[in-house]
Amino acid sequence: MSRMQICDPAVPAEALLAPVPTTPHFDENSHDKEQGPATDQLEDHHAPPDWTFPDGGLRAWSIVFGCFLFTCTCMGFGLVWGALQDYYHSHMFPETSLSIISLAGGLQNFVMGITSYLAGGIGDRYGYKKMIALSCFLAYLSLLASAFATKVYHIFLFQGFFLGFSQGLGMPLYMSIPSQWFLDRRGFATGIAVSGSGFGAAIGCLIVRQLLTKVGFRNAMLVYSSMQGFVWIVALFLIKKDVAHRPWARLRINGQFYSVAASIFFGLFGYLSPFYYSSTYVKEYIPSLDEDSLLVVGPLVVMNFCAGIGRISAGTLADMFGPINVFFSSFFLGGLFQVVVWPFCKSYASIMVYSVLNGLVGCWFISLVPVVCANLFGLDNLSTITGFMILMNAPGQLAGGSISGAILSSSGRQWWALTLYSGGIMIVGAFFVLYARFSKDRRIWARV
C-alpha cells in the first residue's frame, strides 16, 4: 500500500494538509498494515509536520464506499425532492402554489446547512461515527413520520425541518472523511464519495416515482424509509475507524475564506432550479406525456445520474488542474448552460441533452467543497470548515427554488426569466471565488 509523507519543516503554513498523527496502531500480522488518518490537533501551524496518508488500501477505499452510501441516501434526497414536489402539487395539494411547496424542500436544505456547521465542530471534538449514527437514526424517524402526512405543514415539519436537522448532523463529517485518508488522490476519492448524491438521486427518483404511482404516498414513504435505514446500517459498518477527538476549532478567517463562502452563498440561489423544476418543465412542453409516466422524471433521473459521473470526473480533474480552478468552472459553466441552453429546449430530446450537460458539469462544486477547503486551509478541523461552507448553502437552498417559482409565476410562466435569474446568479457566484484563486497563486495557468 502506498503512503505519502510530508516532513519538510520548510513547508509554509498554507501548504499544511493535515494534523500531526498519533502513532498508528495495526496488527503486525496484517497483510496491509494500514495506517489510520492523521487526526491530532496542530497547535502551531509553523511546527514541523510529519503526517502520513494511506492513499489507498482496503480500509481507506471501504471508508470511501461507506461515505458514498451516505451521500446516495442523504444528500441524494435533496435532488429527489423534484419528483416528490411534482407529486404533491399534482395529487395531494393541488390548491397550493408550486412556489410554496418548493419552499418545503428549501427548508430541508436550509436547516441541514445550519446544522452542518454545528455538527462539524461537534464531530471534530467528540468523534465522527457517533454523530453520523445519530444523524441516521433521526433521519429514519423523520422519513417514517412523513409517511403519515396529510397536510402541507406536515411536509414542512417532517421532510423539511426535522429531516434537514437530522441529515445536517452527519453531512460535513462523511464529506470530510476521504480527505483525511488520501493526499495524491484526494480529489478522486472525495469525488467518488460525493458522487453518491447524483447516483442515489437518480435511483431514488425512479424508486419514489414508481412507489408513488403504484402503492400511494403512505406506503411509498414506509418502503423508502426502510430502504434508507438498511443502507445506513451497512454504511456505518464500513466506516471502521473513528476520528480522534479534537478541541473546538479556531477558524482561520481571511480573504480566501470569505471568497469561497461568498461564492457558495450566491451560486446556490440558482443551482437547484433545474432539479426542482425539471419535471414541471417536461409536462408543460411535452403535454402528450402521461403525467404518471416515468418519462416525466426521465430528464431529472438522467441529470442526477450524470451528476454522479460528473463529480467523479471533477475529482480527477481537480487532481490534474487544481480544485479551485475546477470549482470555478463548475459554477460558471453550470450558470452559462442555464442561460443559453435550457430556455431553448422545447423537445424531449433537447431537454435530455440539457440534463446531461447540467449533470456532468454544473454539479462539480459539491464534491470539491472539502477539497478546496483542504487546499486553502489544511485538514486541521476540516469538518468544521466544511460545515461552515455548507452553512453558506442554506439561504440559497431555502429561498432559491421559491424565488425561481415566484419569477416563473409573475412572468406569466416565461421560462427564460427563470433561467436568466438562476443561471445569472450562478455565474455571479463563480466570480466571487476568483479572489481565493488568485491570492493563492497569481499565475493564470497555475494548478490551484
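Leaving aside its neighbours within four places in sequence, which residues is Thr96 in contact with? Let's begin there, and then walk through the rest of the chain. One thing before that: what you see is a predicted model.

Okay, Thr96. Those contacts are His89, Ile101 and Val152. Thr96 itself sits in the loop that links α1, residues 58-92, to α2, residues 98-126. Is Thr96 buried or exposed? With a relative accessibility of 14%, Thr96 counts as buried, because the cut-off for buried is under 20%. So a loop residue is our opening example of a buried one.

Now let's zoom out. The chain has 17 helices and 2 strands. There are 448 residues in the chain, and 59% of them count as buried. Here's a number on how the chain folds back on itself: take contacts between residues at least 6 apart in sequence, and 85% of those join residues at least 24 apart. As for the outside, the accessible surface is about 16700 Å², and carbon and sulfur atoms account for 68% of that.

Next up, a pair of helices. Please find α8, residues 255-271, and α13, residues 364-377. Their axes come within 11 Å of each other, and the crossing angle is roughly 175 degrees. Anything over 145 counts as roughly antiparallel, and that's why α8 and α13 get that description. So who meets whom? From α8 we have Gln256, Phe257, Val260, Ile264, Leu268 and Tyr271, and from α13 we have Phe365, Ile366, Val369, Val372, Leu376 and Phe377. Sort the residues in this contact by class and you get 11 nonpolar, 1 polar and no charged. If you look at the numbering, you'll spot some regular spacing. Here's the general background: an α-helix has 3.6 residues a turn, so residues three or four places apart point the same way.

Let's move to α14. How many of its 10 residues are buried? The count is 10 of 10, so this helix is mostly covered, given that buried means under 20% relative accessible area. The buried residues of α14 include Leu382, Phe388 and Leu391. And what does the covering? Among the elements over those buried residues are α2, α3 (128-146), α5 (171-176), α8, α13 and α15 (394-410). Yes, our antiparallel pair, α8 and α13, turns up again in that list.

One residue to pick out here is Thr384, which belongs to α14, residues 382-391. Thr384 is buried, at 2% relative accessibility. Its C-alpha atom is 8.3 Å from that of Ser116, even though their positions lie 268 residues apart along the chain.

Here's another case of that kind. Ser225 is in helix α7, residues 217-238, and counts as buried at 0% relative accessibility. C-alpha to C-alpha, Ser225 and Ala147 are 8.8 Å apart, while in sequence they are 78 residues apart. Beyond its neighbours within four places, Ser225 is in contact with Tyr140, Leu143 and Leu144.

Gln338 is worth a stop too. You'll find Gln338 in helix α11, residues 323-340, and its relative accessible area is 0%, so Gln338 is buried. Its contacts, leaving aside neighbours within four places in sequence, include Gly270, Tyr271, Pro343, Tyr354, Thr419 and Met426. Tyr271 may ring a bell, as we met that residue on the α8 side of the helix pair.

Now cysteines. How many disulfides are there? The count is 0. For Cys72, the nearest cysteine sulfur is that of Cys74, 9.8 Å away. What about Cys74? The closest cysteine sulfur to its own is in Cys136, at 5.6 Å, and that's too far for a bond, because the cut-off is within 2.5 Å. Both Cys72, at 16% relative accessibility, and Cys74, at 2%, are buried.

Last one: Arg413. Arg413 lies in the loop between α15 and α16, residues 415-432. At 36% relative accessible area, Arg413 is partly exposed. What is its phi near? The answer is 60 degrees, a positive value in a residue other than glycine. For background, most residues other than glycine have a negative phi.

That's my tour, so go and find these residues in the model.

Notes: Residues are numbered from 1 along each chain as its sequence is written. This is a predicted model: local features need pLDDT of at least 70, side-chain atom pairs count only at pLDDT 80 or more; totals for chains, interfaces and linings use all residues. Side-chain values use heavy atoms; hydrogens and water are left out. Axes are lines fitted to C-alpha atoms, for helices over the stretch in contact, and angles run from 0 to 180 degrees between N-to-C directions. Helices (H or I, at least four residues) and strands (E, at least two) are DSSP runs, numbered from the N terminus. Angles under 35 degrees count as roughly parallel, over 145 as roughly antiparallel, 65 to 115 as roughly perpendicular and the rest as oblique. Contact means heavy atoms within 4.5 Å. Ala, Val, Leu, Ile, Met, Phe, Trp, Tyr, Cys and Pro count as nonpolar, Asp, Glu, Lys and Arg as charged, and the others, Gly among them, as polar. Buried means under 20% relative accessible area, exposed over 50%, partly exposed in between (1.4 Å probe, protein chains only). Accessible areas come from the Shrake-Rupley method with a 1.4 Å probe; for residues, only the protein chains shown count as cover.
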